[in-house]
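Hi everyone, thanks for having me. Please bring up the structure on your screens, and we'll walk through it together.

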Amino acid sequence: MQIHLHKYKEVLSTNQMAMDWVSKGMAHEGDVIFADFQTAGKGTAYNHWESEPEKNLTLSLVLCPKHIEPGQQFLLTQIVSLALQHVVQAEIPHLPVKIKWPNDIYVENKKIAGVLIQNIIQGNEISFSIVGVGLNVNQRHFSSKAPNPVSIIHYKKEASDRESLFAKLIAELSKLYEQSIYHQQRVEKEYLQSLYRFGQSGRFEATGKSFIATIKGITAYGQLMVTVESGEERVYNFKEIRFVL
Ligand code: BTN
């Protein structure tokens, strides 16, 4: 994939900008919008992504995943999560870096990166996928309500070079994206192996009730499959179940 980097000092949201480009017919596969600061960065849970100017990575990559049918769009989530997991794990080799379903990157019990994917589906094709990534690198203090944010700097003696991390992330994303064309099952298998709490019992909450369950797998649509203590198997969509940390 040919990467075209577009760097900005300040934007509202790189995802929003990429979506605008799509609607104006200006977006191409491989476009990367990188911002030093977002004034209205979007997150999934809190609809806001906190990131101090020039401290972290906040970017959106435009993909045209012709090889992925709309019904298989979870594959994109798997690719992006794994790329981030690889990059962060290489920076922090002494601690486990995991993917908290569906696409949060966790170091132990703390969130270091988040992903916001927005797909534009036309007919039976994902015509565009806007892959938004926020990776906390050098930010030491967080003020928003997000429960457990952490940065790479919390695990290192000195600040990391954002440009080199950016280059590693784009290389990893491109590699996995291309791999997914011929080796989808390999990507799916590795995603499962990298899942936070996979095969381990832990506390969850759904429909106001707290319970102990074990993650058993992921459905083809990306739903979480768990087995509760009684042996009952359940399937949850995103936002229907919460991990109690
Ligand atoms: C989450 O809440 O976990 C998802 C966070 C995604 C944040 C990134 S930062 C770059 C891109 N632009 C946005 O407005 N959001 C995503």
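Let's start with helices H3 and H4: their axes come within 6 Å and cross at roughly 120°. That makes H3 oblique to H4. Keep in mind as we go that this is a predicted model. Which residues make the contact between H3 and H4? On the H3 side, look for Leu 176, Gln 179, Ser 180 and Tyr 182. On the H4 side, find Gln 184, Arg 186 and Val 187. Sorted by character, the residues of this contact are three nonpolar, three polar and one charged.

Now stay with H4, residues 184-193, and bring in H2, residues 74-91. Here the packing angle is about 60°, and the axes are 10 Å apart. Because of that angle, H2 is oblique to H4. If you turn the model, you can follow H2 as it passes H4 in a left-handed crossing. H2 brings Phe 74, Leu 75, Gln 78, Ile 79, Ser 81, Leu 82 and His 86 to the contact. H4 answers with Gln 184, Val 187, Glu 188, Glu 190 and Tyr 191. Six of the residues in this contact are nonpolar, four are polar and two are charged.

Next, let's talk about charges. Side chains of opposite charge can pair when their charged atoms come close. How many salt bridges does the model have? The count comes to 12, and I'd like to show you some of them.

Take Glu 163 and Lys 7, whose side chains meet in a salt bridge at 3.3 Å, N to O. Glu 163 sits in helix H3 and Lys 7 in strand S1, residues 4-11, so this pair ties together parts that are 156 residues apart in sequence. Glu 163 is exposed, at 55% relative accessible area, while Lys 7 is partly exposed, at 49%.

Strand S1 also holds Lys 9. Its salt-bridge partner is Asp 36, with the closest N and O atoms 3.0 Å apart. Asp 36 lies in strand S2, residues 31-38, and the two partners are 27 residues apart. Is each partner buried or exposed? Asp 36 is buried, with a relative accessible area of 13%, whereas Lys 9 is exposed, at 55%. There is a bit more to see here: Lys 9 and Asp 36 are linked with Glu 54 and Arg 162 in a network of salt bridges.

One more pair for you: Arg 242 and Glu 205 form a salt bridge, and their closest N and O atoms are 3.1 Å apart. Arg 242 belongs to strand S12, residues 241-243, and Glu 205 to strand S8, residues 201-206, so the pair ties together parts 37 residues apart in sequence. Arg 242 is partly exposed at 44%, and Glu 205 is partly exposed at 29%.

Let's finish with a loop. Where is His 141? Look between strand S7, residues 125-135, and helix H3, residues 162-182, and you'll find His 141 in the loop there. His 141 is exposed, with a relative accessible area of 61%. Leaving aside residues up to four places away in sequence, His 141 touches Glu 50 and Glu 52. And if you'd like a distance to try on your own screen, go from His 141 to Ser 151: they are 10 residues apart in sequence and 9.0 Å apart in space, C-alpha to C-alpha.

Thanks for listening!

Technical notes
Residues are numbered from 1 along each chain as its sequence is written. This is a predicted model: local features need pLDDT of at least 70, side-chain atom pairs count only at pLDDT 80 or more; totals for chains, interfaces and linings use all residues. Side-chain values use heavy atoms; hydrogens and water are left out. Axes are lines fitted to C-alpha atoms, for helices over the stretch in contact, and angles run from 0 to 180 degrees between N-to-C directions. Helices (H or I, at least four residues) and strands (E, at least two) are DSSP runs, numbered from the N terminus. Angles under 35 degrees count as roughly parallel, over 145 as roughly antiparallel, 65 to 115 as roughly perpendicular and the rest as oblique. A crossing is left-handed if the near helix is turned anticlockwise from the far one by less than a right angle, and right-handed if clockwise. Contact means heavy atoms within 4.5 Å. Ala, Val, Leu, Ile, Met, Phe, Trp, Tyr, Cys and Pro count as nonpolar, Asp, Glu, Lys and Arg as charged, and the others, Gly among them, as polar. Buried means under 20% relative accessible area, exposed over 50%, partly exposed in between (1.4 Å probe, protein chains only). A salt bridge is a side-chain nitrogen of Lys or Arg within 4 Å of a carboxyl oxygen of Asp or Glu.
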